[in-house]
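Here are some exercises to work through with the model open beside you. Try each task before you read its solution.

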Amino acid sequence: MSVGALSWVRQAPLSSADWWRRRVMLAGRISTTRVVLARLRWAMIGGAVLVVGLAAIVSGQATSTVTAASGRTAATLMEVSAARQDLTEADALMVRSLVADSPAQAVDDDTAYRLQLALASASLQQAGESNGVGAEASQDLQQAQAQLIVYSGLVEQAYIYFASTDPDTQRLGFADLVYASKLMHSSGILAALDDLRDRQAQGQLDTQVSSGWLRPGAALLWALPAAALLAVLGFAQVYLRRRFRRAVNWPLAAMTALLVALCGYLGVVTAIEGARLSTVDDRVAAVRADHAVTPQALPPAGANADVATLDAMCQQQTVGCGWSHAVTDLATTNGDTARAAASAQAAPQDFGAVWAIPLAGALLVLLGWWGIQLRIREYRYEAT
Amino acid sequence: MIPGKSIAGRLVFALLLVACGLGPVACAGVGCDRSLTVIGNWSDGEAAAFGQVLAAFEAQTGCVANYHGSQSLDQELRSDVQASNPPDVAIVSRPSDVVYYADSGALQPFTLTGAQSDAIRRYPVPWQALESQLRPQHDAHPGALYAIVFKADLKSAVWYDPLVMAHLGAAWTGPPATWAELGALSAAIGATGGTPWCLGMEATPNSGWPGTDWIEDILLHQSGVSAYQDWVNGTLPWSSPAVRQAWTTWRSIIMAGQPTQGGVPAALLTNVNDTGKSLFARPVGCYLDHKASFIMSDYRADTLPDGRHPAPLADYRFFPFPTFPGEPGNVSEVSADFATLFRQSSAATKLLNFLASDQAQGIWPGLPAGSAFSVDTTAGPHYSDPVKQQVAARLTRPDATLCFDGSDQMPIALSTAFNEAVLRFLIDPNRLDELLAQLDQVSRTAHDPNNPNNVGDPTFHCGH
C-alpha cells in the first residue's frame with residue numbers, strides 16, 4: 001500500500017457521511033462472542049423470569065387450595081357434621097322428653113334438647129359464614145335452616161299440647177311430635193345436611209385434596225425450566241472460562257446456588273402443605289366417624305301407648321325412627337369437633353413464599369445480568 | 001423469509017386460535033349469562049319429571065338451570081327474599097304469594113316473546129280470568145306478566161277403585177252425582193263394616209291441608225261461588241252459618257258409619273300421599289279418597305297385592321265432587337303451579353318463555369307416570385290414559401267456573417291457622433265454635449291494612 005493511500009486514512013478528518021459509513025461497517029461486523037454473550041444474557045434472564053413466574057403460579061395455586069380446603073371447606077364440613085349430630089340427638093331427646101314416663105327424665109331431656117338445638121343452630125350459622133361450598137350447597141344450608149325454624153315451631157307446639165290435661169289436646173301434641181320428627185328424618189333437615197356434607201362439601205374437599213397443584217407433577221412446571229436454566233448456567237461458566245480465561249464467574253455461580261436453593265425451598269413447602277392437607281382430610285374423616293350414631297331401640301313400651309305407636313310406625317318405616325338413635329356423650333363429641341376444627345384452621349401457611357419467590361426472582365435476574373455484563377464490558381474493551 | 005408474509009401469517013394463525021377457542025363458548029349458549037337457580041316444592045318423582053323439562057331447556061338453549069326442591073318452600077323463599085338472595089325462577093303454588101311478592105317488588109315482570117307471546121290467550125277463558133289476578137295491586141307494568149301457569153290440578157275429585165266398589169253390590173249404582181247420593185254411599189259402606197273415607201292429614205310442614213281442601217270444596221258447592229269468594233277475601237266470617245255448615249258437613253260425611261281406619265288419631269299421622277295404600281290394600285282399607293289429580297302419580301307408585309302397580313281406569317277412577325241442591329253445574333276447585341321471575345336476566349327470560357312453550361307444556365303431561373296437566377289448549381300434550389284425559393277435559397272446559405284453592409288465596413298466617421284448626425277440629429269437633437272464633441281473629445289481623453306484614457290485600461275471584 002502507498003503512503004499516499006495510508007495518508008488518507010491517518011490524516012484526513014472524517015466527514016459526517018464517512019463517519020456514519022464507518023459505524024455501519026463496524027456494526028455489520030457482529031462478532032460471534034458478542035452474539036453468544038447477548039444470547040446467554042437473555043437466556044438466563046428469560047429463564048429466571050420463567051422459573052420464578054411458574055413457581056409463583058404453582059405455589060400460589062397450591063397455597064390457595066390448601067387455604068380453601070382447610071380454612072373453609074373443612075371448617076364447613078365439620079360444622080355441618082356437628083350440626084347433623086346435634087340435631088339427631090336433639091330430636092331423640094325431644095321425643096324422649098315428651099313420651100317419657102319419668103317427669104324428672106323428661107325435664108333433663110328437655111334441657112338437653114334445647115342445648116343441642118342451640119348448638120346445631122350455631123354450627124349451621126358458622127357453616128354459612130365459612131363460605132366453604134358453592135351456591136348449590138348454600139341452598140341446602142338455607143333449606144335446612146328454614147326447615148329448622150318450622151321444626152322448632154312444631155316442637156314448641158307439641159310441648160304446649162302435651163302440657164294440657166285434656167287427652168285430645170295431648171293427641172295433637174303427639175301428632176306435632178311425629179310431624180317434627182318426620183321433618184327432621186324423612187326427606188327433610190337431615191337429608192339436606194347429608195347432601196351438603198356428603199355430596200357438596202366432602203366432594204369439594206376430596207377434589208381439593210387431590211388437587212393437581214399439590215402433586216409432584218405440578219412441580220415439573222417450574223422444575224423443568226429450572227433444570228434448563230441450570231444447564232444454561234453451566235454452559236455459560238464453561239464458555240466464559242474458555243473465552244475470557246476466568247476460572248469462575250462468581251455472579252453466575254451465586255445465581256446457580258440461589259436457583260438450587262429456590263428449587264429446594266419450593267419442593268419442601270409444597271411437600272409440607274400437601275402433608276398438612278392430608279392431615280386435615282384425615283381429621284375430618286375421624287370426626288365424621290365419631291358422629292356416626294348407632295340406633296338403639298327405645299325402652300320397652302309397656303303401658304306407654306305413645307311409645308308403642310312410635311315403635312309401630314318405625315317398624316312400618318312410615319317415619320324416620322329418630323327417637324331410636326342413641327345419645328352419645330355430648331361433652332366429648334363437642335370437644336372433639338372443636339379440636340379438629342382448630343387443627344384444620346391452623347393449617348394454611350405459605351412459609352413466606354409471597355415475598356421469597358419474587359425476591360429470589362429479582363436476585364436471579366440481577367445476578368444473571370451482572371455476570372454477563374462484566375464480560376460484555378471486557379469484550380468491548382478488547383474490541384476497541 | 002419475507003417479514004411481511006411472516007407477520008401476516010402469524011396474525012392469521014393467532015386469529016384462528018382465538019376463533020377456535022371462542023367458538024365452542026359462543027355455540028354453548030348465546031345470551032346465557034349465568035346458570036339459573038330454580039326453586040319449587042317438588043321432590044322425588046315430581047322433581048325428576050321437572051328435571052326432564054329443564055333438560056330439554058338446556059338442550060335447546062345451552063343455558064344451565066339447577067332445580068332445588070324444598071318441602072318448606074314458603075319459609076325458604078321468604079328467607080331468601082329477605083336476605084336479598086332470591087332464586088332466579090320460583091315455582092309458586094299459592095296465588096296469594098304471587099301477589100304478595102309482586103306487591104313487595106320482589107317479583108319481576110316479564111314478557112313472553114315470539115311464539116309464546118300469545119301463550120296466555122291460549123288458556124281457556126276461566127284460566128285467563130284466574131291468571132289476570134296474578135299481578136300487584138299497583139301495577140306499574142300493565143302489559144307484562146308476573147306469572148304463567150306451568151301446570152294445573154283438579155281438586156274437586158273423589159277417587160275410587162272400581163273393582164272394590166263393584167263388590168259393594170246394590171250399594172254401588174255408579175258414581176254419585178249429588179251430595180245426598182254420596183252420603184248414602186258413605187253410610188252404606190259404613191254399614192258393611194268398611195271405612196268409607198281415606199284420610200291422611202300429615203303433610204309436614206303444612207299438615208292439615210287435606211282437610212282444608214275438603215271444607216273448601218264443600219263450601220264452594222254447598223253455598224255457591226259468591227259465598228266462596230267472599231270467604232276467601234275475608235268478607236264472609238269464619239263463624240258465619242255458611243262456613244260453619246261446611247265444617248259440620250265435612251265431619252258428618254267422614255264419620256258416616258265406621259270411623260276412618262285407625263280412628264281420627266291415625267288420620268292425623270297418615271301421610272297425605274299414603275292414602276292410596278289403604279285404597280289398594282286387600283282387604284281394602286278405605287273406599288273413597290278426596291284428593292287432587294296429582295295423587296295419580298302416587299297411586300301408580302303403589303303396589304297391589306298381586307305385585308302390579310295400579311293402572312288408570314282399571315284400578316282407579318274419579319268422579320267429580322257431587323253437587324248440592326240448587327248448585328249450577330261445572331264448578332270445580334283447582335290449583336296450579338306458577339312460574340315466576342325473581343331475578344331479571346336473559347337466561348331467566350329464556351326459561352320462562354320455554355316453560356310457556358308447547359314443547360315444555362307437553363313434556364311432563366306426556367309422561368305416563370306423571371300427573372301434570374297443561375291449561376294451554378293448543379299445546380296438545382298427549383295424555384296417556386283416559387283418566388288423565390277426563391281430568392284435562394274438566395280443567396280446560398271454556399264454560400266451567402274454576403276457583404283456586406281457598407287457603408292458597410289467603411294470607412299465609414291465616415292459611416297456617418286454617419291447617420291447624422282442621423287438625424284440632426278432627427280431634428275435638430265440640431270446639432268448632434271456639435276454633436272459628438280464633439280463625440276470625442286471625443283473619444281480621446291478616447286483612448288489616450295497618451298490619452305491616454300485609455303488603456297488599458288482594459281480592460280474588462273465580463274464573464269463568
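**Exercise 1.** In this predicted model, find the side chain with which the side chain of A:Gln373 makes a polar contact, then describe the setting of A:Gln373.

*Solution.* Start with the contact: the partner is the side chain of A:Arg41, at 2.9 Å. Next, place the residue: A:Gln373 belongs to helix α12 of chain A. Now classify A:Gln373: its relative accessible area is 10%, and buried means under 20%, so A:Gln373 is buried. Finally, look further along the chain: A:Met255 is 118 residues away from A:Gln373 in sequence, yet their C-alpha atoms are 14 Å apart in space.

**Exercise 2.** Stay with helix α12 and decide whether A:Leu359 is buried, partly exposed or exposed; then name the surface feature that includes A:Leu359.

*Solution.* First, locate A:Leu359 in helix α12 of chain A, which covers residues 353-383. Its relative accessible area is 46%. Since partly exposed covers the range between under 20% and over 50%, A:Leu359 is partly exposed. The last step is to look at its companions: A:Leu359 is part of a nonpolar patch on the surface, with A:Trp355, A:Trp369 and A:Trp370 among the other members. Together, the residues of this patch have about 830 Å² of accessible area.

**Exercise 3.** Compare the reach of helix α3 of chain A with its expected span, and locate its kink.

*Solution.* Begin with the count: α3 runs over residues 32-99 and has 68 residues. At 1.5 Å a residue, 100 Å is expected. From first C-alpha to last, the helix reaches 97 Å, close to that value. Then follow the axis: α3(A) has a kink of about 35 degrees, centred on A:Ala69.

**Exercise 4.** How many salt bridges are found over all chains, and which parts of chain A does the pair A:Asp194 and A:Arg84 link?

*Solution.* The search of the whole structure gives 27 salt bridges. In one of them, the side chains of A:Asp194 and A:Arg84 meet at 2.3 Å, N to O. This pair links helix α7 (residues 189-209), where A:Asp194 lies, with helix α3, which holds A:Arg84; the two residues are 110 residues apart.

**Exercise 5.** Explain what the salt bridge between B:Arg300 and B:Asp385 ties together.

*Solution.* Check the distance: the side chains meet at 3.8 Å, N to O. B:Arg300 sits in helix α13 and B:Asp385 in the loop between α15 and α16 of chain B, so the bridge ties together parts 85 residues apart in sequence. To finish, compare the ends: B:Arg300 is partly exposed at 24% relative accessibility, whereas B:Asp385 is buried at 4%.

Key: Residues are numbered from 1 along each chain as its sequence is written. Chains are lettered from A and ligands numbered from 1 in the order in which they are written. This is a predicted model: local features need pLDDT of at least 70, side-chain atom pairs count only at pLDDT 80 or more; totals for chains, interfaces and linings use all residues. Side-chain values use heavy atoms; hydrogens and water are left out. Patches are made of residues with over 30% relative accessible area and no salt bridge: like charges are joined within 9 Å, nonpolar side chains (Val, Leu, Ile, Met, Phe, Trp, Tyr) within 5 Å. Accessible areas come from the Shrake-Rupley method with a 1.4 Å probe; for residues, only the protein chains shown count as cover. A salt bridge is a side-chain nitrogen of Lys or Arg within 4 Å of a carboxyl oxygen of Asp or Glu. Helices (H or I, at least four residues) and strands (E, at least two) are DSSP runs, numbered from the N terminus. Buried means under 20% relative accessible area, exposed over 50%, partly exposed in between (1.4 Å probe, protein chains only). The expected span of a helix is 1.5 Å times one less than its number of residues. The bend at a residue is the angle between axes fitted to the seven residues ending there and the seven starting there. A polar contact is a pair of N or O atoms within 3.5 Å; within protein, one must be able to donate a hydrogen and the other to accept it, and residues adjacent in sequence count only if both atoms are side-chain atoms.
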